[in-house]
Amino acid sequence: MTAHPIMFTVDVEGDWGGRETRALREVLPRFLELLECHGATATFFVVGELVSQVRAGLAPDGLHEVGSHGLTHTVLTGLTPEALAFEVEESKRVLEAEGYRVAGFRAPYFKSPRDLPRLLARAGYQYDASAGSIYPDPRRRRPGPRSWNTEPAIGRVSTGTLRDGVTPFSLTYLRLYDPLGLHLVSPRAELFYCHLHELLETSDGWQRIPRPLRRLHQRNSGARAWRILEDLMERFGSRFVSCREYFEALALGSAA
């Protein structure tokens, strides 16, 4: 039996939620080399205002998919309807103006307003990858919906979990649980996510994090995070695919 593919997603934003972008310069090139070495592809959810920096390393006609992570990485649940619509529509416009084919959207911090799916469908997105949490969530034990642009509803993608069914399958928790993290990966996992800035050895952005959480977020970042990511690649290799590839394969399987 062929092992199922796993969606590999990357949130491309300022370092630790700030405006510094060292990770784009220092991490992205090596990150792309690692994916290529293992025959993996990914979906990069890019903050629209960073598109000029991203385009220097991530070609619009390349193997990887680019989706929107909002225009300014603003928490969408606190916006007026007009500002929310602008974040959704303008982020897609600026990414596509650089040549990217934008089908997916992920809300910053997974904070998704109730009206978001309707706005995404109106703006021409095909799927929403905002379902999930940055924290362990007992409600995640329910299977996440997966569909691709079935009108009138927009497709939805939910983040994966570790074996406990509640902890996000992300580089953050693999780092926090290291050296046990990789042993906790579920064989049924369908989606992994990470941030480029987790692979920085040091970052001025850490000062933005409240002091009680700062040491926790610094745990196993930088060189150790690279080692964890490399081990993950060794384990799953070419099973990692972009969201677009995942759904294209799903559609072909349904049609067969």
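A disulfide is a pair of cysteine sulfur atoms within 2.5 Å. In the structure considered here, which is a predicted model, this rule gives a count of 0 disulfides. The sulfur of Cys194 has its closest cysteine sulfur in Cys243, but the separation is 12 Å, and the two are therefore too far from each other for a bond. Cys243, for its part, takes part in no disulfide, since the nearest cysteine sulfur, that of Cys194, is 12 Å away. Both residues are nevertheless shielded from the surroundings of the chain in the sense of accessible area: Cys194 is buried, with a relative accessible area of 0%, and Cys243 likewise counts as buried at 0% relative accessibility.

The aromatic residues were examined next. The structure holds 12 aromatic pairs. In one of them, the rings of Phe8 and Phe192 have their centres 5.2 Å apart and their planes at 45°, so the pair is classed as tilted. Phe8 belongs to strand β1 (residues 6-12) and Phe192 to strand β7 (residues 191-195), so this pair ties together parts of the chain that are 184 residues apart in sequence. Phe8 and Phe192 are both buried, and for Phe192 the relative accessible area is 0%. Phe192 also forms an aromatic pair with Phe240, again tilted, with 6.2 Å from centre to centre and 45° between the planes. Here too distant parts of the chain are linked, as Phe192 in strand β7 and Phe240 in strand β8 (residues 240-241) are 48 residues apart. Phe240 counts as buried, its relative accessibility being 0%. Phe8, Phe192 and Phe240 are among the members of one aromatic cluster, which also includes Phe31, Phe44, Phe169 and Phe236.

Aromatic rings also occur together with charged side chains. The charged end of Arg30 sits over the ring of Trp226, at 3.8 Å from the ring centre, while Lys92 lies over the face of Tyr125, at 5.6 Å from the centre of that ring.

Tyr125 appears again in the surroundings of Leu120, a residue placed in helix α5 (residues 116-123). When neighbours within four places in sequence are left aside, Leu120 is in contact with Val88, Phe105, Tyr125, Asp128 and Ile154. Leu120 is buried, with a relative accessible area of 0%. With respect to Leu79, Leu120 is 41 residues away in sequence and 15 Å away in space, taken from C-alpha to C-alpha.

Notes
Residues are numbered from 1 along each chain as its sequence is written. This is a predicted model: local features need pLDDT of at least 70, side-chain atom pairs count only at pLDDT 80 or more; totals for chains, interfaces and linings use all residues. Side-chain values use heavy atoms; hydrogens and water are left out. Buried means under 20% relative accessible area, exposed over 50%, partly exposed in between (1.4 Å probe, protein chains only). Helices (H or I, at least four residues) and strands (E, at least two) are DSSP runs, numbered from the N terminus. Contact means heavy atoms within 4.5 Å. Rings of Phe, Tyr and Trp (its six-membered ring) pair if their centres lie within 6.5 Å; planes under 30 degrees apart count as stacked, over 60 as edge-to-face and the rest as tilted. A charge sits over a ring if NZ of Lys or CZ of Arg is within 6 Å of the ring centre and within 35 degrees of the ring normal.
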